[in-house]
Amino acid sequence: MSTLSGRRAVITGGAAGIGAAIARSFAAEGAHVVIADRDAAAAEQLASELGGEAWGVDLLDVASLESLSLEADILVNNAGIQRVAPIQDYEPEMWRRIHTLMLEAPFLLIRAALPGMYERGFGRIINLSSVHGLRASAFKSAYVAAKHGLEGLSKVTALEGAAHGVTSNCINPGYVKTALVEAQIADQAKTHGIPESEVLEKVMLTEAAIKRLVEPEEVASLATWLAGPHAGMVTGTSYVMDGGWSAR
Ligand SMILES: NC(=O)c1ccc[n+]([C@@H]2O[C@H](COP(=O)([O-])OP(=O)(O)OC[C@H]3O[C@@H](n4cnc5c(N)ncnc54)[C@H](O)[C@@H]3O)[C@@H](O)[C@H]2O)c1
């Protein structure tokens, strides 16, 4: 028996990286997946491969999300971006963009999905936070602040949703092998004053006890369990997958 059969799952940022791995894993468990991504072509391609559907959407356009009604049994708030710079050089526009995409859009999507979930008495909200939802790193003011905010939003959703069969949880990976990490190697090298070839060892893996990147499929496996029938008593919590980083 597939654990997610009959479930409709909306995955933001589902066309690449962690989101795509989650979409594949959910579809393998029988879910109907909706790939929500600003890269509409990539979303279409993955959706047709998985027998799901694509939702080409730029989640920075939050005004359009205010009147949305979202049909979903499972909502994965995953779309995210990164910018590495010291606070005194951090562009205010970029700081706002990160908060819009990674905190305001999840709020609006949860708000749009809850009425249907409440009506059906079932819902799973899964928020892709980060070890940076629980710990800070220098030069990531916007990302760390947005992820800490997402942790709070997730807990409030858990409290409000409990009586309606809706759970809400965060997943908190360390560095995962995706384009988002590759894209920040140049920024990290510049900000830390080291060659790009040393960023992995000297910046990204210093805190983790296990010295490798997390695989997207490992994150997807946890998300699939959280979405499934055995996680009904799991809510308002944060599941760390950081190779021991936050054990320190
Ligand atoms: N990669 C990591 O090391 C890591 C670690 C911890 C947490 N996370 C979190 O996991 C999530 C996914 O990260 P990833 O590494 O898979 O990223 P990624 O860059 O590989 O993929 C992100 C996806 O989001 C989409 N996206 C970006 N902006 C969007 C927008 N405005 N509207 C709609 N879609 C948009 C992109 O098109 C892309 O498909 C993020 O929230 C990130 O913060 C990542």
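This is a short working chat about strands, one buried serine and the open and closed spaces in a predicted model.

Student: Let's start with β1. Is it buried or exposed?
Tutor: Strand β1 covers residues 8-12 and is mostly covered. Of its 5 residues, 4 are buried.

Student: How many bridges link β1 and β2, and in which sense do they pair?
Tutor: β1 pairs with β2, residues 32-37, over 5 bridges. The sense is parallel.

Student: Which residue in β2 is the bridge partner of Val-10?
Tutor: Val-34.

Student: And what unit do β1, α1 and β2 make?
Tutor: A β-α-β unit, and its hand is right. Helix α1 in that unit spans residues 17-28.

Student: What about β4? How many bridges join β1 to it?
Tutor: There are 3 bridges, and the two strands run parallel. β4 is residues 74-77.

Student: Which residue of β4 stands opposite Ile-11?
Tutor: That's Val-76.

Student: New topic. Where is Ser-129?
Tutor: Ser-129 sits in the loop between β5, residues 123-128, and α4.

Student: Why does Ser-129 count as buried?
Tutor: Because its relative accessible area is 4%, and the cut-off for buried is under 20%.

Student: Which side chain does Ser-129 make a polar contact with?
Tutor: The side chain of Glu-151, at 2.6 Å.

Student: On to the open space. What volume does the largest pocket have?
Tutor: About 920 Å³.

Student: Which residues lie nearest its centre?
Tutor: Asn-78, Ala-79, Gly-80, Ile-81 and Leu-180. The full lining of the largest pocket has 44 residues.

Student: Which element gives the largest share of that lining?
Tutor: α5, with 6 residues. α1, β2, α3, α4 and α5 each supply at least two.

Student: How does the lining of the largest pocket divide into nonpolar, polar and charged?
Tutor: It has 24 nonpolar, 12 polar and 8 charged residues.

Student: Now closed space. How many cavities of 30 Å³ or more are there?
Tutor: The count is 1. The largest cavity has a volume of about 70 Å³.

Student: What lines the largest cavity?
Tutor: 13 residues line it. Nearest its centre are Asn-77, Asn-78, Ala-79, Leu-101 and Pro-106. Two elements, α3 (92-120) and α4 (141-161), give two or more residues to this lining.

Student: Which of the elements has the largest share there?
Tutor: α3 does, with 5 residues.

Student: And how do the residues of that cavity lining divide?
Tutor: Into 9 nonpolar, 3 polar and 1 charged.

How values were computed
Residues are numbered from 1 along each chain as its sequence is written. This is a predicted model: local features need pLDDT of at least 70, side-chain atom pairs count only at pLDDT 80 or more; totals for chains, interfaces and linings use all residues. Side-chain values use heavy atoms; hydrogens and water are left out. On a 1 Å grid over the protein atoms alone, a cavity is a set of points where a 1.4 Å probe fits but cannot get out, and a pocket is an open set with protein on both sides within 12 Å along at least five of seven lines; lining residues have an atom within 4 Å of a point. Grid points are joined across faces, edges and corners, and a volume is the space filled by probe spheres set on the points. Ala, Val, Leu, Ile, Met, Phe, Trp, Tyr, Cys and Pro count as nonpolar, Asp, Glu, Lys and Arg as charged, and the others, Gly among them, as polar. Buried means under 20% relative accessible area, exposed over 50%, partly exposed in between (1.4 Å probe, protein chains only). Two strands pair if DSSP finds at least two bridges between them. A crossover is right-handed if, with the strands pointing away from the viewer, the path from the first strand over the helix to the second runs clockwise. A polar contact is a pair of N or O atoms within 3.5 Å; within protein, one must be able to donate a hydrogen and the other to accept it, and residues adjacent in sequence count only if both atoms are side-chain atoms.
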